[in-house]
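Let's take a walk through this structure together, one piece at a time. Have the sequence and the 3D view open as you read.

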Amino acid sequence: MTRAVRPRSHRSKKKRIVLALSPLAALAVAVPLMNTAGAATPSEVTADCAADSDRLENCEFVDVQFKANSLGPNERVSAITDNCGTTSTATNTFNVSTSVTRTIQLEDGFTAGADTKLGNSFFEIGVKFNTTEINITRDDKTTSLAFSRTDTVQADSIGFFMWSAKRTDVSGFLKATYKEAQDGQTVFFAPSEGAATVHVFYPQILRNGTPDGRLWLRNVKCGTPEASGLVNSTRALRSEPGFGEGGTNVTDVEIPLSQIPAS
């Protein structure tokens, strides 16, 4: 009787390889892993620049294009004189008052103090846009306009003064240089390199110290929706149509800058 021969198993034994690192080598591997933080996003760049973060080596505004004599918001800059229900004009003395300052259009609540890296960059760039006719308000100080003027309010109308400041609109992007690399690089942009969506509005100041802009007397017919909206408004500042854009119930008369007293 022959004995059954069982086939032999040829399963190979896998060898387990263990790599042992010295403490110094392990540390060398760990450090790069800890420094591979994700790249700074445009929002983080903006926040760090606005806060003048200690993580930054520098933050600067890079200008791409500009437009001089850009008109700002339309503002009512005097009290309203009521001459409703009359058939004759009325002479009134208006106290006109407003101010201009450098503004930055980026994100809600964005500010950059004059003593920050970014604020200093805004100041330096503003120098380039001075002309023989106007100075540029480069820092965040205000320049005021205040005077009294006697003018005529039309019959059955309300009258007041409007103002729109002239500004040099410089647009570009933010460039942030970080002290430590993030994702292998130290320079990041907001919103992107070459973009022209960050706006800095530099008020234009005439050589006599008066803010440059457009001043006009506006008369609005009483009993119209336009007049009711103005008289009944509880807001100190409200959006108003520009010069010559008020419609048939509104009459605008521009005041030459030569008639505005020097500051």
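A word on terms before we set off: a residue is called buried when its relative accessible area is under 20%, exposed when that area is over 50%, and partly exposed in between. Please also keep in mind that this is a predicted model.

A good place to begin is strand E8, which covers residues 157-182. Of the 26 residues of E8, 20 are buried, so the strand is largely enclosed by the rest of the structure. Which strands pair with E8? Let's go through its partners in turn, starting with those that come before E8 in the chain.

Strand E1, residues 56-71, runs antiparallel to E8, and 12 bridges join the two. If you would like a landmark, find Glu 60, which sits opposite Lys 175 of E8. Strand E2, made up of residues 75-76, is also antiparallel to E8 and is joined to it by two bridges. Here Arg 76 has Met 162 as its bridge partner in E8. Strand E3, residues 81-83, adds another antiparallel pairing with E8, this time through three bridges. Thr 81 is matched with Gly 159 of E8 in this pairing.

Now let's turn to the partners that come after E8. Strand E9, residues 185-190, pairs with E8 in the antiparallel sense over five bridges. E8 and E9 make a hairpin with two residues between them, and Asp 183 in the turn has a positive phi of about 55°. Lys 175, which we met opposite Glu 60, also stands opposite Phe 189 in E9. That makes Lys 175 a handy point for finding E1 and E9 in the view.

Strand E10, residues 198-206, is antiparallel to E8 and shares six bridges with it. Within this pairing, Asp 169 lies opposite Phe 201 of E10. Strand E11, residues 213-221, is joined to E8 by nine bridges, and again the two run antiparallel. Phe 160 of E8 has Arg 218 in E11 as its bridge partner.

Arg 218 is worth a second look. What does its side chain meet? The side chains of Arg 218 and Asp 252 form a salt bridge, with an N to O distance of 2.7 Å. This pair ties together distant parts of the chain, since Asp 252 belongs to strand E12 and Arg 218 to strand E11, 34 residues apart. Are these two residues buried or exposed? Asp 252 counts as buried because its relative accessibility is 18%, and Arg 218 counts as buried because its value is 2%.

E11 and E12 are linked by another salt bridge, between Glu 254 and Arg 214, whose side chains meet at 3.4 Å, N to O. Glu 254 is in strand E12 (residues 250-255) and Arg 214 in strand E11, with 40 residues separating them in the chain. The setting here is partly exposed: the relative accessible area is 37% for Glu 254 and 25% for Arg 214. Because 25% falls between the 20% and 50% cut-offs, Arg 214 is classed as partly exposed.

Next, let's move to helix H2, residues 42-51, where Val 45, Thr 46, Asp 48 and Cys 49 are buried. What covers these buried residues? The cover includes strands E1, E8 and E9, along with helix H3 (117-126). Just after H2 comes Asp 52, with a positive phi near 50°.

Asp 48 of H2 also takes part in a salt bridge, its side chain meeting that of Arg 55 at 2.6 Å, N to O. The two ends of this pair fall into separate classes: Asp 48 is buried at 11% relative accessibility, whereas Arg 55 is partly exposed at 41%. In total, the model has six salt bridges, among them the pairs described here.

Our last stop is helix H3, where you will find Ser 121. With a relative accessible area of 8%, Ser 121 is buried. Leaving aside residues up to four places away in sequence, Ser 121 touches Cys 59, Glu 60 and Phe 61. Glu 60 brings us back to the start of the tour, as the residue opposite Lys 175 in E8.

Terms used: Residues are numbered from 1 along each chain as its sequence is written. This is a predicted model: local features need pLDDT of at least 70, side-chain atom pairs count only at pLDDT 80 or more; totals for chains, interfaces and linings use all residues. Side-chain values use heavy atoms; hydrogens and water are left out. A salt bridge is a side-chain nitrogen of Lys or Arg within 4 Å of a carboxyl oxygen of Asp or Glu. Buried means under 20% relative accessible area, exposed over 50%, partly exposed in between (1.4 Å probe, protein chains only). Helices (H or I, at least four residues) and strands (E, at least two) are DSSP runs, numbered from the N terminus. Contact means heavy atoms within 4.5 Å. Two strands pair if DSSP finds at least two bridges between them.
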